[in-house]
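Visitor: Could you walk me through reading a few features of this model?
Guide: Sure, let's get it on screen.

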2 protein chains.
Amino acid sequence: MGFSLGSVVVRLGLKSGTDATPVDSITLCVALLCACILIGHLLEKNRWMNESITALSIGLCTGLIILLTTEGKSSHLFLFNEQLFFIYVLPPIIFNAGFQVKKKQFFRNFMTIMLFGAVGTLISFIIISLGSVQLFNKLNIDFLDTMDYLALGAIFSATDSVCTLQVLNQEETPLLYSLVFGEGVVNDATSVVLLNAIQRFDLSHITSSIAMKLFGNFLYLFATSTLLGVAVGLVSAYIIKKLYFGRHSTDREVALMILMAYLSYIMSELFNLSAILTVFFCGIVMSHYTWHNVTESSRVTTKHAFATLSFIAEIFIFVYVGMDALDIEKWKFVSKSPCRSIGVSSILLGLVLVGRAASIFPLSFISNLTRKSQSDKIGLKQQVVIWWAGLMRGAVSVALAYNQFTNSGHTLLPGNAMMITSTISVVLFSTVVFGLVTKPLMRVLLPKTQSSNELSCELADSVDSKSLALPLLGNGKERESDADINIPLPTSKRMLPWDPTHTVHHYWRKFDDAFMRPVFGGRGFTQYVPASPTQWTLL
Amino acid sequence: MGFSLGSVVVRLGLKSGTDATPVDSITLCVALLCACILIGHLLEKNRWMNESITALSIGLCTGLIILLTTEGKSSHLFLFNEQLFFIYVLPPIIFNAGFQVKKKQFFRNFMTIMLFGAVGTLISFIIISLGSVQLFNKLNIDFLDTMDYLALGAIFSATDSVCTLQVLNQEETPLLYSLVFGEGVVNDATSVVLLNAIQRFDLSHITSSIAMKLFGNFLYLFATSTLLGVAVGLVSAYIIKKLYFGRHSTDREVALMILMAYLSYIMSELFNLSAILTVFFCGIVMSHYTWHNVTESSRVTTKHAFATLSFIAEIFIFVYVGMDALDIEKWKFVSKSPCRSIGVSSILLGLVLVGRAASIFPLSFISNLTRKSQSDKIGLKQQVVIWWAGLMRGAVSVALAYNQFTNSGHTLLPGNAMMITSTISVVLFSTVVFGLVTKPLMRVLLPKTQSSNELSCELADSVDSKSLALPLLGNGKERESDADINIPLPTSKRMLPWDPTHTVHHYWRKFDDAFMRPVFGGRGFTQYVPASPTQWTLL
């Protein structure tokens with residue numbers, strides 16, 4: 001009786017709404033996220049586990065418990081929702097990635113990243129599509145048409161590097177980190193575009209002109225998406241610099257940064273661009289200009305708030321995928337032909353391994369051809385790390401698979417159910433098994449004593465670093481002092497033009513210092529203003 | 001053609017989902033929020049405007065433009081969604097309120113706040129219900145039953161103090177701020193519980209035993225909700241103190257605080273308690289214990305991140321209500337009898353004014369009887385301010401009205417449409433017209449030279465302040481230094497026990513220092529640990 005009169009706000013809400021979100025699901029989900037953070041923290045020192053595997057395991061266990069307690073009725077309680085994923089969960093992750101990336105490394109390796117991310121994904125796509133056509137025939141699978149096979153290629157080309165990035169260290173292996181990381185972003189964008197193209201066009205008769213058109217459109221898409229992100233980032237920098245929000249309110253600055261970042265993503269969606277690319281570049285621009293125009297408190301807040309949101313979103317995805325994996329309805333179909341289902345999953349897993357090898361190793365060779373310095377080349381060990389880092393398949397694959405195989409409600413077709421379960425199997429297997437091996441593998445391939453490659457890379461860094469190209473959100477070693485902010489930077493630098501990429505970088509810095517920073521602010525071009533007096537700081 | 005191949009992630013999502021959120025609405029909404037922040041900033045020095053009015057006006061203008069461009073077809077684009085409001089938008093506002101409130105003032109005035117918030121709301125409720133029964137009969141309104149009249153009382157008893165709090169200053173008028181603010185929270189909870197009770201019980205024959213039962217249940221609900229919030233807050237403090245997350249990651253600490261705060265809210269919903277009260281007390285406990293157990297970066301981040309989320313949510317509500325106000329469908333019914341509609345709105349507005357006066361002035365008199373010191377009493381000017389501060393009606397009223405009058409889909413009844421439009425009219429009128437007068441009124445009633453009341457209040461503060469009862473999240477004047485954190489506080493204080501409330505406060509501090517802080521941490525009981533070395537700080 002006591003509870004019955006309670007403030008049943010949500011029950012009130014549920015009464016009138018149709019698309020009601022059950023409160024118990026939300027409660028469970030939030031509680032699980034808390035548990036993941038706690039257990040992930042406790043297991044941090046463990047040499048096998050990482051946060052992704054912890055979250056996935058917790059999700060699986062919970063799904064199992066729900067399934068058992070409800071006797072198989074709850075299959076729809078945690079159905080994967082693509083829209084939730086793409087509109088709310090993915091943006092903070094990608095934006096934070098752009099916001100925290102070490103820009104110098106990223107742009108220095110820009111061509112290699114594009115090579116891996118775009119060309120590599122295409123190679124993977126072709127190999128997985130053709131391979132599945134050939135191998136599925138041997139399993140007497142006849143319910144897939146050409147479009148489905150192409151879609152499989154796109155779905156399984158989308159890597160999930162979250163897991164690896166938790167193991168790779170941006171400080172210790174900057175080159176590898178930027179390659180794996182940058183490739184992951186471009187790769188996601190490429191596979192989403194690919195799947196979309198497949199679903200829109202009649203690709204049963206691919207001619208060279210259609211292929212060229214597709215390629216041209218991809219380039220166009222890439223350029224416009226990037227430009228939109230850069231534009232929104234610059235607008236935010238300009239607004240905050242001109243109006244100087246910090247005079248009044250840290251909260252306003254932070255709110256504006258969050259909202260404009262999200263605006264870039266959602267605008268890109270609206271214009272049918274690649275939102276992932278847009279918000280990524282918006283993050284880069286914001287960290288380069290906007291972040292330097294706000295108050296100290298805003299800097300600390302944005303840095304950690306964005307990272308926290310991204311952190312929560314990542315854990316959420318893994319718990320979600322883990323729980324969704326036990327959707328009983330799909331597995332019912334599979335249980336009729338378990339061998340064939342295992343066969344499909346194994347074939348896809350094998351194709352993923354081969355497809356990635358066929359893209360990374362040849363492309364690394366090509367990339368090495370353009371690198372003059374021997375020490376700058378990507379070594380074999382590094383190539384193996386890059387290959388391995390992209391083997392995990394994650395939430396993007398699941399989202400794309402749901403999109404392709406549950407369209408217009410025909411989930412109940414056995415073929416579609418099998419494709420969904422196979423996707424989930426591949427995701428679970430690659431994340432858990434490959435993920436478990438990752439930490440030890442990294443320790444073997446990348447011993448703590450840095451390889452010559454990275455050392456030389458850091459050496460090159462040190463030439464023009466410290467004042468010119470400090471990573472924006474650096475580490476403890478490179479603490480930014482107030483004095484540092486005050487001093488306008490010299491516009492010309494001693495520079496060793498031993499590499500064309502570095503020369504391009506050099507001219508960009510000149511241009512940046514001469515034209516961009518005076519307008520949009522940035523390190524050294526914003527007057528130092530302490531936190532406003534009505535605000536509380538720890539100092 | 002260029003755009004057509006784009007990464008139509010959301011379009012993909014929309015294809016398979018049923019409860020699709022249109023990307024264009026989200027884009028528009030985010031863009032409007034940005035515009036509100038900008039325009040609100042530019043208009044800050046204006047003597048009439050405040051952020052609520054700006055957001056409401058922008059929402060109205062946008063609604064108008066949409067209405068004109070779509071020629072009246074878009075009425076359902078921005079329909080008010082109760083669930084969105086109660087599950088996602090309200091929690092950050094209330095939590096932040098608890099997190100940032102000056103706890104000493106709040107607890108010192110606890111009884112008065114409860115008197116205003118609970119008893120005052122009941123008085124308002126009775127006056128508005130009875131008054132509307134009497135006055136609506138004169139307008140020949142016959143489509144409302146007893147339950148509807150009682151619901152009207154509950155709906156229009158829910159004040160919206162956001163607007164006033166933007167004008168009142170916590171530093172300048174601490175007593176008034178804590179009264180208005182605390183009353184607002186209790187008041188929201190009371191009206192939600194009231195409406196729920198009305199909808200559940202057959203209240204056509206109210207006997208004294210039913211009334212007593214309702215009252216007992218209200219007390220029970222209040223106690224359990226508070227306890228749940230306190231419990232979750234203490235658990236978060238204990239976990240973070242024991243595991244010491246900061247050693248590893250600021251992001252984890254911040255994520256855990258956010259998640260556990262939300263967990264308290266959603267658990268309270270699950271148990272049918274008053275989630276508003278729960279999350280409010282969770283915020284208080286978190287600011288008292290948990291916040292002292294985390295790293296410096298986490299403190300800055302949580303303080304500003306919570307404030308920012310609350311800020312965005314507040315603006316969102318006003319934009320949303322503004323846009324929803326122009327839902328053409330409802331107004332079509334009203335246009336048939338404009339005079340009657342205006343009559344209804346005017347009557348309700350009048351009853352709101354009278355109802356609040358009938359609760360605040362007598363209750364202030366009662367409250368003053370318990371205050372021995374002449375200088376501690378609530379003066380007439382203060383009473384007028386408190387009265388005025390609670391006249392605005394806001395999003396809670398709109399949400400409750402939608403709940404009562406659009407249940408089970410019978411929105412199309414003329415009577416229900418009229419009640420909804422009247423609610424919106426009262427909300428718009430009170431927010432805009434009363435809101436516009438607020439700033440000048442405050443300036444007249446509360447001149448910059450502080451009234452004797454507040455001076456005495458500050459005087460009383462200064463006796464045991466500085467070390468004992470510094471407001472947690474203080475102002476610039478009371479900057480917290482690292483040294484301050486290091487020094488364990490003396491457990492006994494020179495105390496002037498001239499007031500029973502202060503004595504209770506005194507014993508609480510003793511208990512807190514002796515038992516609570518050693519377990520749950522808090523100021524002076526957590527060892528000082530700087531930001532972890534891998535983290536970057538501004539210092």
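What follows is a short chat about helices and single residues.

Guide: Ground rules first: this is a predicted model, where local features need pLDDT of at least 70, side-chain atom pairs count only at pLDDT 80 or more, and totals for chains, interfaces and linings use all residues. Residues are numbered from 1 along each chain as its sequence is written, chains are lettered from A and ligands numbered from 1 in the order in which they are written, and side-chain values use heavy atoms, with hydrogens and water left out.

Visitor: What does the secondary structure of chain A come to?
Guide: Helices (H or I, at least four residues) and strands (E, at least two) are DSSP runs, numbered from the N terminus. Chain A has 21 helices and 0 strands.

Visitor: How many of the residues of helix H7 of chain A are buried?
Guide: Buried means under 20% relative accessible area, exposed over 50%, partly exposed in between (1.4 Å probe, protein chains only). In H7(A), residues 146-155, 8 of the 10 residues are buried, so the helix is largely enclosed by the rest of the structure. Among them are Tyr149(A), Leu152(A) and Ile155(A). For chain A, 62% of the 539 residues count as buried.

Visitor: How do I read a helix pair?
Guide: Two packed helices are described by the angle between their axes and the distance between the axes. Axes are lines fitted to C-alpha atoms, for helices over the stretch in contact, and angles run from 0 to 180 degrees between N-to-C directions. Take H2 (residues 23-42) of chain A and H11 (residues 250-270) of chain B: their axes come within 9 Å and cross at roughly 150°. That makes H2(A) roughly antiparallel (an angle over 145 degrees) to H11(B).

Visitor: Which residues make the contact?
Guide: Contact means heavy atoms within 4.5 Å. H2(A) contributes residues including Ile26(A), Val30(A) and Ile37(A), and H11(B) residues including Leu256(B), Leu263(B) and Met267(B).

Visitor: Is Thr423(B) buried or exposed?
Guide: Buried, with a relative accessible area of 2%. Thr423(B) sits in helix H18 (residues 414-445) of chain B. A polar atom of the Thr423(B) side chain lies 2.7 Å from the backbone oxygen of Met419(B). Leaving out residues up to four places away in sequence, Thr423(B) touches Ile155(B), Phe156(B), Ser397(B), Val398(B) and Ala401(B).

Visitor: And where is Val235(B)?
Guide: In helix H10 (residues 208-243) of chain B, and Val235(B) is partly exposed at 41% relative accessibility. C-alpha to C-alpha, Val235(B) and Met286(B) are 9.5 Å apart, with their positions 51 residues apart in sequence.

Note on methods
Angles under 35 degrees count as roughly parallel, over 145 as roughly antiparallel, 65 to 115 as roughly perpendicular and the rest as oblique. A polar contact is a pair of N or O atoms within 3.5 Å; within protein, one must be able to donate a hydrogen and the other to accept it, and residues adjacent in sequence count only if both atoms are side-chain atoms.
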